[in-house]
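Take a moment with the sequence and the 3D view. This report goes through a sheet in one chain and then the surroundings of a ligand.

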Amino acid sequence: MKGAQLLVKALEQEGVETIFGYPGGAIMPVYDALTESPLRHILTRHEQGAVFAADAYARVTGRPGVCMATSGPGATNLVTGIANAFLDSVPIVAITGQVPTGLMGTDAFQEVDIFGMTMPIVKHSYLIRSVEDIPRIIGEAFHVAREGRPGPVLIDLPKDVANAETELAALFEMPRPGTGAADPAQLAAARQLIRSARRPVLYVGGGVGIAGAVPEFRAYAQASGIPVVATLKGLGAVPTRDPHFIGMLGMHGTVAANYTVQESDLLICVGARFDDRATGRLDGFAPNARVIHMDADAAEIGKLRQTDAALLGDLRTALPALPTDLSISDWQRTCRQRKTAHAWRYDAPGDGIYMPDMLRRISAADRDLTITCDVGQHQMWVAQHCQFDRPDQHLTSAGLGAMGFGVPAGIGALIANPGSRVLTVSGDGSIMMNIQELATLRRYDLPLKILLVDNASLGMVRQWQELFHNERYSEVDLSDNPDFVQVAKSFGIDAFRVTRRDEVDGAIERLLHAEDAILAHVCIDPTANVWPLVPPGQTNDVMMEEASA
Amino acid sequence: MNHTLKLTIQRVEGAVIRTLGLIERRGFSVTSINTASDEASPHMEMTLEIHSPQRSVETLARHVEKLFDVSDVHLIAAHAPAAPMKESVAC
Ligand SMILES: Cc1ncc(C[n+]2csc(CCOP(=O)(O)OP(=O)(O)O)c2C)c(N)n1
């Protein structure tokens, strides 16, 4: 058997069913081996589409997503997606072809040192020098990608290794150690802190979903009655309709959530990491709060904020060990009242389409919808105004904020869960970053629903230029966009345009009931902004709000 | 003031550069390196003197510990644990 066949066999043994990729010279032996394998290969139209789709596939299934590309330009096209998976702790295995080992280091055709280039953005990586190492490296790669705090693993495979003959067939079994329990002394300290807190808050991040600890988290939030705020990735850890849920915190968080955190005397940070978009100015973040930090990753403890108790290890065992007999009814009442007082208003004047309201209605009309996002104002409106019952209903490029994630993520989510209903909310800037993936939708008949929010500009950048650069607009105008309805149709995808508020209900109906892929091109006021907004460098209690509101 | 990190790392491709890259990327400069290995051993001992005006060396040590190729980390910090970052650096 050849190295490439051994690699494919090892992937099969790992339980891989789908690979997202794009072929080329150095990876051809593997593509050849794929013709004799039950593995399903999804051909995207750009390697960035493949890696984003693999990322979303992993977020939905909880199993590592696999993507593949050739050497040189194929490999470099994966880089943004690998960084995305790194910053959002998503398990992916990226396999790249490489020039033959004899040519490595000679600036050969399509040679780049992808192993060196990606070191800062991988959890681990391998350069396979010997065909005998293939089973072990594949076994280790999948193990590393998913254990503890997940992340991307890169495997670079030189062409001569892929072509080398081997007798090897015995496959590698990776030992699977269990996750540890929290330190009893820290647990005792945490219990004491919770018992004596008057204004505790549960600050939940993406780690809860990743750890499979959603039931334990909900049970604890319910039993203790502690108010919950979430990061962008933590949305859905408790249903966003839950009365204990106060809102998303941070730069575009809710007024109620930010005040709740700022006033708290104990922050119980569960699977979150004090990211600057969540904390605002760090030295004024929850200034009077003690901190309990619960995470799978020891390096997060004390990285940005001093902790009073650190509970490392499995959240599923740590959460049920926390005390629930608290007397915080005054605090609960304050938080609930503030949530009501600052509830979103949807009575915007005019007859233009008010996107927050449209998004709210869409998610109310289909509670089981999975929403993938691109990056910008529309992404923040989704986080603010859609309801999520599970974390994996909301697939967003949080840590990297990579425009172009939305449509490929929609593809990955539909391949991962073919019966599901998936909506991609994109912007007129973002969609052009991976517009070619409309061809992938057509090829595999994927019924993705696309809501294209067109404000004829790079809205989020325009908003910052308006607010923080004295309205000096620089390179944000997109009024010469193509006709997106025609674009979609030329890819064989149904599409329609809406421009008036009275068309919104019909548009939602059509979008949600379409059997095939469909794109709704929704034109909104180019000057619409996202509110509230904590200006960069300010503490979270300094929130700008809409002037007229 | 310099901290000392004594590491045991696997002798595999990329392990040295990966470790040094992580240390520099996380805000430390390396002021001295000593390595020792024995041909027959799959491991290598590495002693580094490192320095940072602001960052916590304990946090760095935990990042280094996570590297798959690093099997042992021993930190001799030059001072009592530094407070975590306080400056507001976000853009
Ligand atoms: C790949 C990439 N390039 C640049 C940016 C910076 N950026 C953030 S939001 C944004 C504007 C996005 O415009 P659009 O997709 O139309 O969304 P809108 O903000 O208008 O809703 C830009 C350019 C980014 N996040 N990602």
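How many bridges join β2(B) to strand β3 of chain B? The model is predicted, and in it eight bridges join the two strands. Strand β3 covers residues 43–51, and β2(B) and β3 run antiparallel. One partnership can be named: B:N34 has B:T47 in β3(B) as its bridge partner.

These strands belong to an open sheet of four strands in chain B. The order is β2-β3-β1-β4, and the pairing is antiparallel. The edge strands are β2 (29–37) and β4 (70–76) of chain B, each pairing on one side only. On average, neighbouring strands of this sheet are turned by 15° against each other, direction ignored. Helix α2 (residues 57–66) of chain B lies across β1 (3–10), β3 and β4. The helix runs at about 170° to β4(B).

Now to the ligand. It is surrounded by 17 residues. The closest are A:Q377, A:H378, A:G401, A:S430 and A:G459. Several distances involve an oxygen atom of the ligand:

| Residue | Atom on the protein side | Distance from a ligand oxygen atom |
|---|---|---|
| A:Q377 | polar backbone atom | 2.8 Å |
| A:D428 | N or O atom in the side chain | 3.1 Å |
| A:M460 | polar backbone atom | 2.9 Å |

On its own, the ligand has 590 Å² of accessible area, and the protein covers 76% of that. Two or more residues of the shell come from each of α17 (377–385) and α20 (459–468) of chain A. The largest share, three residues, is from α20(A). By type, the shell holds six nonpolar residues, 10 polar and one charged.

Notes
Residues are numbered from 1 along each chain as its sequence is written. Chains are lettered from A and ligands numbered from 1 in the order in which they are written. This is a predicted model: local features need pLDDT of at least 70, side-chain atom pairs count only at pLDDT 80 or more; totals for chains, interfaces and linings use all residues. Side-chain values use heavy atoms; hydrogens and water are left out. A residue is near a molecule or strand if one of its heavy atoms lies within 4 Å of it. A polar contact is a pair of N or O atoms within 3.5 Å; within protein, one must be able to donate a hydrogen and the other to accept it, and residues adjacent in sequence count only if both atoms are side-chain atoms. Accessible areas come from the Shrake-Rupley method with a 1.4 Å probe; for residues, only the protein chains shown count as cover. Ala, Val, Leu, Ile, Met, Phe, Trp, Tyr, Cys and Pro count as nonpolar, Asp, Glu, Lys and Arg as charged, and the others, Gly among them, as polar. Two strands pair if DSSP finds at least two bridges between them. Axes are lines fitted to C-alpha atoms, for helices over the stretch in contact, and angles run from 0 to 180 degrees between N-to-C directions. Contact means heavy atoms within 4.5 Å.
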